[in-house]
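Me: I should like to learn how to read the features of a protein model. Could we work through one together, step by step?

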Amino acid sequence: MAQPLTTVPHTRSSTIRQINLQAEIARLRQLGSDFEDLHSEISSLTLTPRTDARQQLTSKIVSTNALVHRAMECLAALDGSQYTAVPGSCPSLEALASVVLAASLAASDLALALEANPLEGAPFPGPSADEAAVRKARHAEAAPTMAEHLANAAHQLDLAHTGCYYLASGITRDLKQQAEQNQTTPALKITDSQHAVLTRLSQGGGTRYVISRHGVLKAIDKDRATVNVTTLNALLKRGLIGVDTTTPLHQGQRLHLTAEGHRSLAQHKPTAAPTQVAVTFSATKQTAGRTR
């Protein structure tokens with residue numbers, strides 16, 4: 001009878017990148033200020049249909065999309081960085097994604113205003129008409145639609161600028177609270193073998209999975225080297241390792257250090273090797289014998 005194939009799942013990248021969080025906070029504040037400036041410009045904008053409106057809207061669309069790009073850069077920097085191990089980071093990252101959405105909606109509304117703007121050109125051949133009257137009617141129809149889209153864009157930019165300031169303050173608060181907690185609460189003590197597993201998983205995460213129909217549980221690090229399951233289970237039970245249970249075991253579940261795991265890893269003091277102690281004791285005993 002053929003044996004079932006064993007498939008080792010592909011490990012997903014979960015490397016924690018070390019970034020300058022204070023620089024990211026400053027970048028968010030500057031982004032919020034730029035959203036606020038653009039909001040003020042659009043709020044005070046008065047559009048007159050035709051070419052002037054096209055020129056005004058084009059420049060604002062370009063500026064808004066540039067801010068969308070910068071917001072996505074901030075999200076990319078924070079996502080996957082050491083900030084993700086800070087309690088409260090998940091809601092902050094979701095809020096930053098909402099800033100990207102608000103700015104994108106603002107750019108979309110400006111584009112809709114541009115689309116509604118009647119441009120002048122030659123009509124298809126047909127019966128003659130009063131071109132001046134037609135133009136006036138088109139402008140009268142377009143003006144309120146353009147104004148509505150402009151107001152919507154300003155509202156979305158206001159949400160984006162408020163979100164950036166909220167995030168900058170929230171991240172600052174999260175980091176302060178984490179620092180205070182680290183000073184007042186000692187980290188969980190770990191053994192040298194647990195320290196070794198934490199060290200390996202801190203350098204890119206790992207994966208646990210079932211390799212056969214018999215339900216044998218295995219684990220590997222990012223280099224696909226085997227991780228001791230007993231030690232891993234102890235770390236999971238103590239909350240030092242987190243696991244992504246959104247995927248089934250047979251596909252592989254991603255492993256990562258929690259905030260407590262990082263603390264225990266940083267504060268661990270390795271125990272003295274027994275052999276080294278024995279050698280020292282033996283040498284001391286021989287020296288004492290010669291003295292007598």
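The dialogue below goes from the overall layout to one helix and then to charged pairs.

Me: Before anything else, what is the secondary structure of the protein?

Reply: Please keep in mind that this is a predicted model. Its secondary structure comes to eight helices and four strands. Along the sequence, these elements follow the pattern α-α-α-α-α-β-β-α-β-β-α-α.

Me: How many of the residues are buried in the protein?

Reply: A residue is called buried when its relative accessible area is under 20%. By that criterion, 36% of the 292 residues in the protein are buried. The protein exposes about 17300 Å², of which carbon and sulfur atoms supply 57%. As for contacts, among those between residues at least 6 apart in sequence, 75% join residues at least 24 apart.

Me: Let us turn to a single helix. Which residues are buried in helix H5?

Reply: Helix H5 spans residues 192-202, and its buried residues are Gln-194, Val-197, Leu-198 and Leu-201. These four lie on the same side of H5, because they cover an arc of only 100° around the axis.

Me: What covers the buried residues of H5?

Reply: The cover includes strands S1 (206-210), S2 (217-221), S3 (241-243) and S4 (253-257), together with helices H6 (229-237) and H7 (259-267). Just after H5, Gly-204 takes a positive phi of about 140°.

Me: I should also like to understand salt bridges. How many does a search of the whole structure find?

Reply: The general idea is that side chains of opposite charge can pair when their charged atoms come close. In this structure, the search finds six salt bridges. In one of them, the side chains of Arg-27 and Glu-73 meet at 3.9 Å, N to O. This pair links distant parts of the chain, since Arg-27 is in helix H1 (residues 21-43) and Glu-73 in helix H2 (residues 51-78), 46 residues apart.

Me: Are Arg-27 and Glu-73 buried or exposed?

Reply: Arg-27 counts as partly exposed because its relative accessibility is 30%. Glu-73, at 36%, also counts as partly exposed.

Me: Which residue forms a salt bridge with Asp-34?

Reply: Arg-70 does, with the closest N and O atoms 2.8 Å apart. Arg-70 lies in helix H2 and Asp-34 in helix H1, so the pair ties together parts that are 36 residues apart in sequence.

Me: Which residue forms a salt bridge with Lys-222?

Reply: The partner is Asp-223, the closest N and O atoms being 3.2 Å apart. Lys-222 is partly exposed at 35% relative accessibility, whereas Asp-223 is exposed, with a relative accessible area of 57%. Elsewhere, salt bridges that share partners join Glu-24, Arg-27 and Glu-73 into one network.

Methods: Residues are numbered from 1 along each chain as its sequence is written. This is a predicted model: local features need pLDDT of at least 70, side-chain atom pairs count only at pLDDT 80 or more; totals for chains, interfaces and linings use all residues. Side-chain values use heavy atoms; hydrogens and water are left out. Buried means under 20% relative accessible area, exposed over 50%, partly exposed in between (1.4 Å probe, protein chains only). Helices (H or I, at least four residues) and strands (E, at least two) are DSSP runs, numbered from the N terminus. The arc is that of the directions from the helix axis to the C-beta atoms. Contact means heavy atoms within 4.5 Å. Accessible areas come from the Shrake-Rupley method with a 1.4 Å probe; for residues, only the protein chains shown count as cover. A salt bridge is a side-chain nitrogen of Lys or Arg within 4 Å of a carboxyl oxygen of Asp or Glu.
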